[in-house]
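Biologist: I have the sequence and the fold open on my screen. Can you take me through the sheet, the helices and the charged pairs?

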Amino acid sequence: MSASSKVLAPETRIRSEDWTIVLPRRGKQGKKFPRIRTPEEQQKPWSPAEIEFDPCRVSRLLQKIQICITKMESSQFYQTLVEQIQTPNILNSFYNVLGSELKMQMVIYGIGSLESYETPRLQLSLAILMKRKFSWIGDIEVFDPILSATEAQVLESLGCSVLSVNEQGRRCAIKPTLFFMPHCEAELYNNLLQANWGVMLKNMVVFGNSFEMYHQHVSEFKNSIVANTARHVLAARRFTHEYSIKTVSDDYYAAFHDSSWLFFSPDHETQLQSTEI
């Protein structure tokens, strides 16, 4: 199933020494994502800049997230998503990734500032509700280098684990893994695919940006930036089964627009030998 044919307007980017800040359309608040670093900079130990968390802030943030979880659970968006997961095509795709395993780990990259914006709180709420709904979704690990100590404590309180290493998206899917990455940058998806380029691709499911949309940017707008930074994303499109996520209402547009379920099934070794478009 192809993703929406709607084409994103060019994003406004502000670069600093350590971050790329993406400012979405329609005045939505952006999230910060790590720039792609050299191999020697990758896989560095990480801890929040704050040494201690603030109990009052923890309590307030937990309350905000609980409100979001309640809102999400009663929404038409969530009901539509659950129904989509339970359709034969998508459910069978999940079971194919699971194989003989009983659980599929979830890894959340680039969640953003939970204290500052509702968008990441809605995204986290969806991930938590999915784990509660489907018995085959296992433990949740989370990472974003901008997480505060307070946010890390809240995530732990909600049953998630916060990674102590910045993987730069290069997690090898040795076992079935759901990578929950709505609105992350192309480089992060590219790193993930590159780290698993081979048989491990079949162990992955990605909830994230439409690969079809990246292809449209390159083919229609001759976007050389995307072409150079997302070579594996564009190459993987040949053996990617994509199912678009319906946002249903404007309340969930900022958090999930142009998102898709992505499953990978390279049939021939030749499909993996080159990342040429």
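Biologist: In what order do the 7 strands of the open sheet run?

Modeller: This is a predicted model. Its 7 strands form an open sheet, and the pairing is mixed. The order is β7-β6-β5-β9-β10-β12-β11.

Biologist: Which are the edge strands?

Modeller: An edge strand here pairs on one side only. That holds for β7 (161-162) and β11.

Biologist: Which helix packs on the sheet, touching β5, β9, β10 and β12?

Modeller: The helix spans residues 186-195. Its direction makes about 170° with that of β10 (204-209). The helix is α6.

Biologist: Back to β11. How many bridges join it to β12, and do the two run parallel or antiparallel?

Modeller: Strand β12 covers residues 259-264. H241 stands opposite F263 in β12, and S244 stands opposite S260. The count is 5 bridges, and the strands run antiparallel.

Biologist: How many residues of β11 are buried?

Modeller: Strand β11 covers residues 240-244. It is largely enclosed by the rest of the structure, because most of its positions fall under the 20% cut-off for burial. The count is 4 of the 5 residues.

Biologist: Now strand β6. Is E141 buried or exposed?

Modeller: E141 lies in strand β6. Its relative accessible area is 18%. Buried means under 20%, so E141 counts as buried.

Biologist: Leaving aside neighbours within four places in sequence, what is E141 in contact with?

Modeller: Sequence neighbours within four places are set aside. The contacts left are Q105, M106, V107, I108, S161, L163 and R171.

Biologist: Which residue meets the side chain of E141 in a salt bridge at 2.6 Å?

Modeller: Side chains of opposite charge can pair when their charged atoms come close. Here the N to O distance is 2.6 Å. Both partners of this bridge are buried. The partner of E141 is R171.

Biologist: How far apart in sequence are the parts that E141 and R171 tie together?

Modeller: E141 lies in β6 (residues 137-143). R171 lies in the loop between β8 (165-166) and β9 (177-181), so the pair ties together parts that are 30 residues apart in sequence.

Biologist: Which residues do salt bridges that share partners join into one network?

Modeller: E141 and R171 already meet in a salt bridge. Shared partners bring in E167. The network is E141, E167 and R171.

Biologist: How many salt bridges does a search of the whole structure find?

Modeller: The E141 and R171 side chains meet in one. R57 forms another with E115. The search of the whole structure finds 5.

Biologist: How far apart are the closest N and O atoms of R57 and E115?

Modeller: R57 is partly exposed at 21% relative accessible area. E115 is partly exposed too, at 23%. Their closest N and O atoms are 2.6 Å apart.

Biologist: Which parts of the chain do R57 and E115 tie together?

Modeller: The two are 58 residues apart in sequence, so the pair ties together separate parts. R57 lies in helix α1 (residues 55-73). E115 lies in the loop between β5 (104-109) and α4 (118-133).

Biologist: Which helices does the salt bridge of K71 and E118 link?

Modeller: The side chains meet at 3.5 Å, N to O. K71 is partly exposed at 29% relative accessibility, and E118 is partly exposed at 37%. The two residues are 47 apart, and the helices linked are α1 and α4.

Biologist: At what angle do the axes of α1 and α4 cross?

Modeller: Two packed helices are described by the angle between their axes and the distance between the axes. These axes come within 8 Å. The crossing is right-handed. The angle is roughly 65°.

Biologist: By class, what residues does the contact of α1 with α4 have?

Modeller: On α1, the contact includes L61, I65 and K71. On α4, the residues met include E118, L122 and R132. By class there are 10 nonpolar, 1 polar and 6 charged residues.

Biologist: One more helix. Which residues are buried in α2?

Modeller: Helix α2 (residues 76-85) is mostly covered. Of its 10 residues, 7 are buried. They are F77, Y78, T80, L81, V82, Q84 and I85.

Biologist: And what percentage of the protein chain do buried residues make up?

Modeller: The chain has 10 helices and 12 strands. It holds 277 residues. Buried residues make up 54%.

Methods
Residues are numbered from 1 along each chain as its sequence is written. This is a predicted model: local features need pLDDT of at least 70, side-chain atom pairs count only at pLDDT 80 or more; totals for chains, interfaces and linings use all residues. Side-chain values use heavy atoms; hydrogens and water are left out. A salt bridge is a side-chain nitrogen of Lys or Arg within 4 Å of a carboxyl oxygen of Asp or Glu. Buried means under 20% relative accessible area, exposed over 50%, partly exposed in between (1.4 Å probe, protein chains only). Two strands pair if DSSP finds at least two bridges between them. Contact means heavy atoms within 4.5 Å. Axes are lines fitted to C-alpha atoms, for helices over the stretch in contact, and angles run from 0 to 180 degrees between N-to-C directions. A crossing is left-handed if the near helix is turned anticlockwise from the far one by less than a right angle, and right-handed if clockwise. Ala, Val, Leu, Ile, Met, Phe, Trp, Tyr, Cys and Pro count as nonpolar, Asp, Glu, Lys and Arg as charged, and the others, Gly among them, as polar.
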